[in-house]
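User: I have a model open and want to go through its local features one by one. Please keep the answers short and give the cut-offs as they come up.

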Amino acid sequence: MVVGELTQERDLVIIGAGPGGYHAAIRAAQLGLGVTLIEKGEMGGLCLNEGCIPSKVHTAAAQNLHRLNGMKSMGIETADTTFDMRTLQEYKNATIQQLKQGIEALCKANKIEVLKGEAMFLSQDKIGVENGHQYDTYSFKHAIIAAGKEKKPIINLEGNYLTITTLWKLDEIPPSLILYGNDDFTVEAAMCFSKMGSDVTMIFPKGQNDFTFDDSINKELNRQCKKQKIKLIKDVKVNNIHYSDNSWEVEVQNPDGKLQTLKGSHLYVESKPGGMKEGLGLSRAGIELDDDGSVKVNHACQTSVGHIYAIGDITDGPALAVKAIKQAKVAAENIAGYQSEIDLTFVPRVLHTIPPIASVGFSEKEAIDAGYEITVGESAFRTNGFASILGQKDGIVKTISERGTDLILGVHMMGEGAIELISSGIVALEMVGRQEDLLFPLYPHPSLNENFLESLEDLSNKAIHKPPATKKNKVNV
C-alpha cells in the first residue's frame, strides 16, 4: 500500500455513486459546491449494475412478450416469435453501459471529481480512500454517506442458489424455478420468468398467507398468478432444502402439518437489507445508528454529526431508489445553504409485473385501522375503451377517500400503464386533494387515465361504465 504524503482538503465528499450518490453530487455541483464522489465499484452502484436496471430489462422483455398475445387480432402475425436469453443479456449489458457512460459524462460536465476506491471515516472530518496499493486521506467540510447496506438472504443456505443480483445474469431460461419469498422483486421475477417459459412456484414464508397490497389488488394479483399458471404455496415452514443431480428439492410444511416436496431446476431466495457495510468507520465519526443498524437522520438528512449527511438504503425506510434520489437532493440543498426537507409519507410502491402494479397512501384496511370512515371507488380496466384497443383489459383502479370530507387517502392500481398513472395519485395526496379537485380537470379520451377518473366518480356512485347493481361503496361506520 502506498500512503499519500499529505491530507488533501475537499469541500464535499460523497461516499457511494449509486442513484443517491450521483444525484447528490450533481445537485451539489449545480448549487456551486466543489464535489468529490467516491465509488469502490461501478458508477451507478448496485441499482444500475446488478439490481433495478437489470431486473427491469427482464421485466420489460416479459411485458413485450405478453403484449404480443393480442397483436394477431390487429392483423400483426406473431406466430414465429422466439425468445433468446443470451441476446437479452447482451441488450442488458449494452443498456447498463450506455447509462453508466451518461452518468460519467454528467459528472464530468458538472466538474465533479470522481475517485475510485473504498472510503472509510478516520474522524468526524477526515476519510481515507483505499484503491489497491494506493491510500489517500482527505479532510472535508461536509460529507454525504450513500453507501447502502449489505443484502442478505432471508434463510441461511448452502449451494449455488439464485439471489437478487444473480437471478438476472442467467444465460438460459430455467425450466422450473422455485422462488422463496414474497417481496416486490420476487413477485416481479415470478411473472417475468413465467412469461419467458419457466414453470414457476412461489413459496410464501410461514406467517404470510397472501400478498402485501390492498385487498383488491391482492385479489387481482392472485387471479393473474392463476391465469399465468404460477403456483402459490402460502404460509409454509421450510423444513429442508437439498440440491443434487442438477435439481433442487424443497420440503415445506403446511399450516395443517402436511408435508410437501417441491422440485425445481433453479432456486431463488429473497434478500433483505442486512447490517451496515463493513469498513465505513461510522463509529470513528461518532455517527449514531438506530436499533436496526440504520443511520439516524432528521428531515434534512443530517446525521447526529451536523456536517455529515446520510441518504438511501443506509437510512431508515424503504430500500428504494426513489427515496435515495429525493434524499440526495435534500441533503445537497441543505449543505449549499438552502432549507430543504424530505417527507416519506407518500412513497409510491411500483412493480413491473404483468400487468404492472402501483400504489400510494392508505390501503382500505390501513385507513380503517387508522380510524377513518371511508368510501371506496373502483374501476375495471375491461370497461376502458383504450385498454380494449390495446388488448390489455386486465386490472383495476381503486381510490379510497374519507367519508364526509372526500379527502383522498389512497390510490391503488393494477393494469397497463399503472406505474405512469400513479403520479396523479401521488400529487393528489401531497396536495391534500379531495374528490372534487380530481373530478374537475378534463381527462384525455380515449386513454387509460379514464380508469382513474371512473374510480373517483365511483366514490359517489357516478361511474358511467359501471352497472348500478355492482356499485357497492364500502363505508366504515
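User: Is glutamate 188 buried or exposed?

Analyst: The model is predicted, so local features need pLDDT of at least 70 and side-chain atom pairs count only at pLDDT 80 or more, while totals for chains, interfaces and linings use all residues. Residues are numbered from 1 along each chain as its sequence is written, and side-chain values use heavy atoms, with hydrogens and water left out. Buried means under 20% relative accessible area, exposed over 50%, and partly exposed in between, with a 1.4 Å probe and protein chains only. Glutamate 188 has a relative accessible area of 3%, so this residue is buried.

User: Which residue does the side chain of glutamate 188 meet in a salt bridge?

Analyst: A salt bridge is a side-chain nitrogen of Lys or Arg within 4 Å of a carboxyl oxygen of Asp or Glu. Helices (H or I, at least four residues) and strands (E, at least two) are DSSP runs, numbered from the N terminus. The pair links distant parts of the chain, with glutamate 188 in helix α5 (residues 184–196) and its partner in helix α3 (residues 52–67), 132 residues apart. At 3.0 Å, N to O, the partner is lysine 56.

User: How does lysine 56 count by accessibility: buried, partly exposed or exposed?

Analyst: The salt-bridge partner of lysine 56, glutamate 188, is buried at 3%. Lysine 56 has 22% relative accessibility and therefore counts as partly exposed.

User: How many salt bridges does the structure hold, and which residues are joined into one network?

Analyst: The structure holds 23 salt bridges. One of them is between glutamate 288 and lysine 296, where the closest N and O atoms are 3.9 Å apart. Salt bridges that share partners make one network of Glu220, Arg223, Lys227 and Asp394.

User: In the salt bridge of lysine 272 and glutamate 270, which residue is buried?

Analyst: The two side chains meet at 3.0 Å, N to O. Lysine 272 has a relative accessible area of 45%, so it is partly exposed. At 4% relative accessibility, the buried residue is glutamate 270.

User: Which element gives the most residues to the largest nonpolar core?

Analyst: A nonpolar core is a set of buried Ala, Val, Leu, Ile, Met, Phe, Trp, Tyr and Cys residues joined through side-chain atoms within 4.5 Å. The largest has 35 residues, and Leu167, Leu179, Phe193, Met196, Phe211 and Leu221 touch the most other members. Elements giving two or more residues are α3, α4 (85–109), β9 (176–180), α5, β10 (199–205) and α6. With seven residues, the element that gives the most is α5.

User: What is the order of strands in the open sheet of five, and why does β17 have one side without a neighbour?

Analyst: Two strands pair if DSSP finds at least two bridges between them. The pairing is antiparallel and the order is β17-β18-β21-β20-β19. β17 (349–351) and β19 (374–380) stand at the edges, so one side of each is left without a neighbour in the sheet: each has a single partner strand.

User: Which helix packs on the sheet touching β17, β18 and β21?

Analyst: Contact means heavy atoms within 4.5 Å; axes are lines fitted to C-alpha atoms, for helices over the stretch in contact, and angles run from 0 to 180 degrees between N-to-C directions. Helix α6 (residues 215–227) packs on the sheet, touching β18, β19, β20 (395–402) and β21 (408–415), and its direction makes about 5° with that of β21. The helix touching β17, β18 and β21 has a direction about 5° from that of β18 and covers residues 418–430: α11.

User: What is omega for the cis peptide bond from isoleucine 354 to proline 355?

Analyst: Proline 355 is in the loop between β17 and β18. Another cis peptide bond joins histidine 445 and proline 446, with omega about -10°. For isoleucine 354 to proline 355, omega is near -5°.

User: What is phi of cysteine 301?

Analyst: Cysteine 301 lies in the loop between α7 (282–285) and β16 (308–310). At 0% relative accessibility, cysteine 301 counts as buried. Although cysteine 301 is not a glycine, its phi is positive, at about 75°.
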